[in-house]
Amino acid sequence: MPATPTLALVAHDAKKDAMVEFARRHQDKLAVFELVSTGTTGGRILEACPDLKVTRLKSGPLGGDQQIGAMIAEGKLQGLFFFVDPLSPMPHDVDVKALMRLAVVYDMPMALNPSTADILLRSARLQGLKTTSATPEVGSLSS
Ligand SMILES: O=C(CO)COP(=O)(O)O
């Protein structure tokens, strides 16, 4: 576990207002983490909360989801806040699924909607108490 845990904040277009509202409401709590975001989500968060330190990756459809998935696989992420839009078709649906799949494989704390995100952000697991390693228990698939 790094000294400062890193959280990823990602939202589909229909959920970006909800993510901005979440970031505003929890600005003080989020400020103690390193934050990474997909490109457009990160831009919206920084507009609303210029004091937060957010590293913007590529936009989701251009590889941002995969960049965050790689961070999970490399043990560089401690939590994923991903406000998904379940009502719209996505050109990068396979990337969305791949990101959520890796979060499950690596037992990453993950919130897919604002009410779960509120609970997760309050949890001790995100405050430096996560003790499990980043290596998933996948038996023969672990190599
Ligand atoms: O598409 C996304 C997640 O799948 C989010 O990407 P943007 O933040 O760049 O819109």
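Residues 24 or more positions apart account for 67% of the contacts in the protein with a separation of 6 or more. That figure comes from a predicted model. Of the 143 residues, 32% count as buried. The protein has six helices and five strands. Along the sequence they follow the pattern β-α-α-β-α-β-α-β-α-β-α.

Start with the sheet. Its five strands are arranged in the order β3-β2-β1-β4-β5. The sheet is open, and the pairing is parallel. Strands β3 (54-56) and β5 (110-111) stand at the edges. Each has a single partner strand, so one side of each is left without a neighbour in the sheet. In general, strands of a sheet pair through backbone hydrogen bonds, either parallel or antiparallel.

Now take the pairings in turn. At one edge, β3 pairs with β2 (residues 34-37) in the parallel sense, over three bridges. Within this pair, Val36 has Thr55 of β3 as its bridge partner. Further along, β1 and β4 pair in the parallel sense over five bridges. Here the bridge partner of Val10 is Phe82 in β4. At the other edge, two bridges join β4 to β5, and these strands run parallel. Phe81 stands opposite Ala111 in β5.

Strand β4 deserves a closer look. How many of its five residues are buried? Five of the five are, and the strand is mostly covered. In a regular strand the side chains alternate between the two faces of the sheet. In β4, Gly79, Phe81 and Phe83 lie on one side, and Leu80 and Phe82 on the other. All of these residues are buried, and both faces of the strand are covered.

Helix α1 (residues 16-25) lies across β1 (6-11) and β4 (79-83). The helix runs at about 145° to β1. One of its residues is Phe22. Phe22 has 23 other C-beta atoms within 10 Å; the threshold for burial is 20 or more, so Phe22 is buried. Outside its local stretch of sequence, more than four places away, Phe22 touches Pro114 and Ala117. The pair Phe22 and Ala117 is a long-range one: the two are 95 residues apart in sequence, yet their C-alpha atoms are 8.3 Å apart in space.

Lys16 also belongs to α1. Is Lys16 buried or partly exposed? Lys16 has 18 other C-beta atoms within 10 Å, so it is partly exposed. Leaving aside neighbours within four places in sequence, Lys16 is in contact with Ala11, Thr41 and Arg44.

That contact leads to Thr41, in helix α3. Thr41 has 30 C-beta neighbours inside 10 Å and therefore counts as buried. Beyond four places in sequence, Thr41 touches Leu9, Val10, Ala11, Lys16 and Met19.

Thr41 also brings us to the ligand. Which residues surround the ligand? They are Val10, His12, Thr38, Gly39, Thr40, Thr41, Ser59, Gly60, Pro61, Gly64, Asp65 and Val96. The elements giving two or more residues to this shell are α3 (39-48) and α4 (64-73). Helix α3 gives the most, with three residues. By class, the shell divides into three nonpolar residues, eight polar and one charged.

The UniProt record can be set beside this shell. Its unreviewed entry lists His12, Lys16, Thr38, Gly39, Thr40, Thr41, Ser59, Gly60 and His92 under "binding site". Thr41 is thus named in the record, and Thr41 is also among the residues around the ligand in the model. Lys16 is listed in the record as well, and in the model Lys16 is in contact with Thr41.

One backbone detail remains. Asp107 has a phi near 50°, a positive value in a residue other than glycine. Where does Asp107 sit? Its place is in the loop between α5 (93-105) and β5. With 15 C-beta neighbours inside 10 Å, Asp107 counts as partly exposed. The loop leads into β5, one of the two strands at the edges of the sheet.

How values were computed: Residues are numbered from 1 along each chain as its sequence is written. This is a predicted model: local features need pLDDT of at least 70, side-chain atom pairs count only at pLDDT 80 or more; totals for chains, interfaces and linings use all residues. A residue is near a molecule or strand if its C-beta atom, placed from the backbone, lies within 6 Å of it. Helices (H or I, at least four residues) and strands (E, at least two) are DSSP runs, numbered from the N terminus. Ala, Val, Leu, Ile, Met, Phe, Trp, Tyr, Cys and Pro count as nonpolar, Asp, Glu, Lys and Arg as charged, and the others, Gly among them, as polar. Two strands pair if DSSP finds at least two bridges between them. Two residues are in contact if their C-beta atoms, placed from the backbone, lie within 7 Å. Axes are lines fitted to C-alpha atoms, for helices over the stretch in contact, and angles run from 0 to 180 degrees between N-to-C directions. UniProt positions are given in the numbering used here, feature names are shortened, and annotations may be inferred rather than shown by experiment. A residue is buried if 20 or more other C-beta atoms lie within 10 Å of its own, exposed if 12 or fewer, and partly exposed in between; C-beta atoms are placed from the backbone.
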